[in-house]
Amino acid sequence: MYILMLFPLCQDCYPVVLGGVEETQELLKQKYDKIFYTGGGAVGRLVMEAAAKNLTRVTLELGGKSPCYIDDECDLAVVANRLAWGKFSNSGQTCVAPDYVLCSPGIQAKLIKHLKETLFEFYGEDARDSSNFARIINDRHFQRLKKLLSHGECVIGGETDEKDRFISPTVLTGIKPSDPVMESEIFGPILPILNVNSLDEAVEFINDRDKPLALYIFSTNKEKINYIMENTSSGGFCANDTVIQAAGMEIQRECIPRGA
């Protein structure tokens, strides 16, 4: 186990332990006043279970599938631009990236057309030649993401290069809620589109699943924006844009007194 002391903080008060599963399991056996964990839900459950043995207070900041509802009342050119930026920046490896889209069948075809145009504008004919498009962080996650492409229809992208850990910006249709791509946070450049016939159906779909880390809606109708905000629960909420709410959250976090 390696310990790196933070400088210029007191070296006896702020040790940092670097390691993996073995080190984490050992750390969780210790007694603490508070545990703050950021990561996935599966490990979050293990952290809470370990903390319960010592009645340790826990704060879990968990990732999750962040839905994006696209209303019939919106400017799809603007939607495609902001959705593609939020989803495919850093190749989708952002915790608050839109995870999947909910929209009506009538909106879907128009959205795909605008997304194709936007992705060409962002990354050119082939995203692998663009200096603005990232690669997948490691081989394990590349293989995990590649398997998700086996369901539904790739209407945009779908190209992979294992040697380069490249997965092109991909949009999937014909996805079922039970498909693997809908089981957990994607954390990659794959965007499934699922059809709903109304705002109420979208709200029901969202509420039937784990609470999302972020929730997005695109609509020019303020009543619909307020309706989805008031009838769902999520870690963050953003209307007519994506990801930018995280910047506000960081500002608020800096204002929270430590130990509060």
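**Entry 1. Contacts of Lys-34**

I take contact to mean heavy atoms within 4.5 Å. The model I am reading is a predicted one. With that cut-off I looked up Lys-34, and, leaving out residues up to four places away in sequence, I found that Lys-34 touches Thr-56, Arg-57, Val-58 and Thr-59. I located Lys-34 in strand 3, which covers residues 34-39. I then checked one of these partners by its backbone: the C-alpha atoms of Lys-34 and Thr-59 are separated by 7.8 Å, although the two residues are 25 residues apart along the chain. Is Lys-34 buried, partly exposed or exposed? Its relative accessibility is 37%, so I recorded Lys-34 as partly exposed, since that class lies between the limits of 20% and 50%.

**Entry 2. The whole protein**

I next turned to the protein as a whole. I counted 8 helices and 13 strands. How does the radius of gyration compare with the globule rule? The radius of gyration is 20 Å and the rule gives 18 Å for 260 residues; the two values are close, so I noted the protein as being as compact as a globular protein of that length. Along the principal axes, the C-alpha trace spans about 60 × 45 × 35 Å.

I also looked up how much of the chain is covered. Of the 260 residues, 38% are buried. The exposed surface of the protein comes to about 14900 Å², and carbon and sulfur atoms supply 53% of that area. For contacts with a separation of 6 or more, I found that 60% are made by residues 24 or more positions apart.

**Entry 3. What the UniProt record marks**

I consulted the UniProt annotations, which come from an unreviewed entry. The record places the feature "domain: Aldehyde dehydrogenase" at residues 16-247. Over residues 16-247 I read 35% helix and 21% strand, with the end C-alpha atoms 26 Å apart.

Which residue does the annotation "active site" cover? In the unreviewed entry it covers Glu-61. I found Glu-61 in strand 4, residues 57-62. Glu-61 has a relative accessible area of 24%, so I entered it as partly exposed.

**Entry 4. Asp-99**

I looked for Asp-99 and found it in the loop between helix 3 (76-88) and strand 6 (100-103). Is Asp-99 buried or exposed? Its relative accessibility is 2%, and therefore I recorded Asp-99 as buried; the limit for that class is under 20%.

I then listed the contacts of Asp-99, setting aside neighbours within four places in sequence. Among them are Lys-65, Ser-66 and Lys-87. The list also includes Ser-184, Glu-185, Ile-186 and Phe-187. Ile-190, Leu-191 and Pro-192 complete the set of residues in contact with Asp-99.

**Entry 5. Aromatic rings**

How many aromatic pairs does the structure hold? I found 4. In one pair, Phe-122 and Tyr-123 are edge-to-face, with 5.9 Å from centre to centre and 85° between the planes. Phe-122 is partly exposed, with a relative accessible area of 23%, whereas Tyr-123 is buried, at 9%.

Tyr-123 also pairs with Phe-133: the ring centres are 5.1 Å apart and the planes stand at 70°, so I noted this pair as edge-to-face. This pair links distant parts of the chain, 10 residues apart. Tyr-123 belongs to helix 4 (residues 105-123), and Phe-133 lies in the loop between helix 4 and helix 5 (139-148). I recorded Phe-133 as buried, like Tyr-123. Phe-122, Tyr-123, Phe-133 and Phe-166 form one aromatic cluster.

I looked up one further ring, that of Phe-205. The charged end of Arg-209 sits over the Phe-205 ring, 3.5 Å from the ring centre.

**Entry 6. Positive phi values**

Last, I examined the loop between strand 13 (237-239) and helix 8 (245-255), where I found Asn-240. The phi of Asn-240 is near 65°, a positive value in a residue other than glycine. With a relative accessibility of 27%, Asn-240 counts as partly exposed.

Val-243 is found in the loop between strand 13 and helix 8. Its phi is near 70°, again a positive value in a residue other than glycine. Is Val-243 buried or exposed? Its relative accessibility is 17%, so I entered Val-243 as buried.

Terms used
Residues are numbered from 1 along each chain as its sequence is written. This is a predicted model: local features need pLDDT of at least 70, side-chain atom pairs count only at pLDDT 80 or more; totals for chains, interfaces and linings use all residues. Side-chain values use heavy atoms; hydrogens and water are left out. Helices (H or I, at least four residues) and strands (E, at least two) are DSSP runs, numbered from the N terminus. Buried means under 20% relative accessible area, exposed over 50%, partly exposed in between (1.4 Å probe, protein chains only). UniProt positions are given in the numbering used here, feature names are shortened, and annotations may be inferred rather than shown by experiment. Rings of Phe, Tyr and Trp (its six-membered ring) pair if their centres lie within 6.5 Å; planes under 30 degrees apart count as stacked, over 60 as edge-to-face and the rest as tilted. A charge sits over a ring if NZ of Lys or CZ of Arg is within 6 Å of the ring centre and within 35 degrees of the ring normal. The radius of gyration is taken over C-alpha atoms; the globule rule is 2.2 Å times the number of residues to the power 0.38. Accessible areas come from the Shrake-Rupley method with a 1.4 Å probe; for residues, only the protein chains shown count as cover.
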